[in-house]
Amino acid sequence: GTLNSDLVRMIFSMVLNLAALPVIIFESGWSLRTRDFVSQFGYIMVFAILGTIASVVVVANLLLWTSSYHSIGDWRLAVAFASLISSGDPV
């Protein structure tokens, strides 16, 4: 029989995202030379800090916007919660 192209696309996407992509990312990080990493460290820190700040602002605003659905209605509490949630991996 013939394969459904949507099914093939979905299976290929799952295999790529769950199996191949983590291996590719791990290998590229493992084989990175220290000199190359150190030369880019300033850029890495700028993107990490700005990305974290942007993520905190977006998440805090979304929390305040949806405050009728949960108990976080104060700006300070929303920023505190957003800072905990946003600190994962913004880079």
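**Exercise 1. Salt bridges**

Task: How many salt bridges does the structure hold, and which side chains meet in them?

Solution. Start with the count: this predicted model holds two salt bridges.

Step 1. Look near the start of the chain, at helix α1, which covers residues 5–30. The side chains of Asp 6 and Arg 9 meet there in a salt bridge, at 3.1 Å from N to O. A salt bridge asks for a side-chain nitrogen of Lys or Arg within 4 Å of a carboxyl oxygen of Asp or Glu, and the 3.1 Å of this pair fits that limit.

Step 2. Check how the partners sit in the helix. Asp 6 and Arg 9 are three residues apart in α1, about one turn of the helix.

Step 3. Move on to the second pair. The side chains of Arg 33 and Asp 36 meet in a salt bridge, again with 3.1 Å from N to O.

**Exercise 2. Sorting the charged partners**

Task: Are Asp 6, Arg 9, Arg 33 and Asp 36 buried, partly exposed or exposed?

Solution. You need two cut-offs here: buried means under 20% relative accessible area, and exposed means over 50%.

Step 1. Asp 6 has 48% relative accessibility, so Asp 6 counts as partly exposed. Its partner Arg 9 has 55%, so Arg 9 counts as exposed.

Step 2. Arg 33 has 48% and therefore counts as partly exposed. Asp 36 has 29%, so Asp 36 is also placed in the partly exposed class.

**Exercise 3. A nonpolar patch on the surface**

Task: Which elements give two or more residues to the nonpolar patch, and where does Leu 32 lie?

Solution. Find the members first.

Step 1. The patch is formed by Leu 32, Phe 37, Val 38, Phe 41, Ile 44, Met 45, Val 46, Ile 49, Leu 50, Ile 53 and Val 57, and together they have about 940 Å² of accessible area.

Step 2. Match the numbers to the helices. The elements that give two or more residues are α2 (34–39) and α3 (41–65). The largest share, eight residues, comes from α3.

Step 3. Now place Leu 32. This residue lies in the loop between α1 and α2, and with 45% relative accessibility Leu 32 counts as partly exposed.

**Exercise 4. The span of α3**

Task: What span should the 25 residues of α3 have, and how far apart are the end C-alpha atoms?

Solution. Use 1.5 Å a residue.

Step 1. The expected span is 1.5 Å times one less than the number of residues. For the 25 residues of α3 this gives 36 Å.

Step 2. Compare with the model: the end C-alpha atoms of α3 are 36 Å apart, which agrees with the expected span.

Step 3. Look just outside the helix too. Gln 40, in the loop between α2 and α3, is 38 Å from Thr 66, C-alpha to C-alpha, with their positions 26 residues apart in sequence. Gln 40 counts as partly exposed because its relative accessibility is 39%.

**Exercise 5. The largest nonpolar core**

Task: Which residues make up the largest nonpolar core, and which element gives the most to this core?

Solution. Turn to the buried residues.

Step 1. The core has six residues: Val 56, Ala 60, Leu 63, Ile 72, Ala 78 and Ala 82. At least two come from each of α3 and α4 (75–86), and α3 gives the most, with three residues.

Step 2. See which α3 residues are buried: Ala 48, Val 56, Ala 60 and Leu 63. The buried residues of this helix pack against α4.

Step 3. Follow one core member from the other side. Leaving out residues up to four places away in sequence, Ala 78 touches Ala 60, Leu 63, Leu 64 and Ile 72.

**Exercise 6. Neighbors from α4**

Task: Which residues does Phe 81 touch, not counting residues up to four places away in sequence?

Solution. Begin with its place and cover.

Step 1. Phe 81 is in helix α4, and its relative accessible area of 36% makes Phe 81 partly exposed.

Step 2. With those neighbors in sequence left out, Phe 81 touches Leu 63 and Ile 72. Phe 81 and Leu 63 are 18 residues apart in sequence, yet 9.0 Å apart from C-alpha to C-alpha.

Step 3. Try another α4 residue, Ala 80. Ala 80 and Ala 60 are 20 residues apart in sequence and 8.3 Å apart in space, C-alpha to C-alpha.

Terms used
Residues are numbered from 1 along each chain as its sequence is written. This is a predicted model: local features need pLDDT of at least 70, side-chain atom pairs count only at pLDDT 80 or more; totals for chains, interfaces and linings use all residues. Side-chain values use heavy atoms; hydrogens and water are left out. Patches are made of residues with over 30% relative accessible area and no salt bridge: like charges are joined within 9 Å, nonpolar side chains (Val, Leu, Ile, Met, Phe, Trp, Tyr) within 5 Å. Accessible areas come from the Shrake-Rupley method with a 1.4 Å probe; for residues, only the protein chains shown count as cover. Helices (H or I, at least four residues) and strands (E, at least two) are DSSP runs, numbered from the N terminus. Buried means under 20% relative accessible area, exposed over 50%, partly exposed in between (1.4 Å probe, protein chains only). A nonpolar core is a set of buried Ala, Val, Leu, Ile, Met, Phe, Trp, Tyr and Cys residues joined through side-chain atoms within 4.5 Å. Contact means heavy atoms within 4.5 Å.
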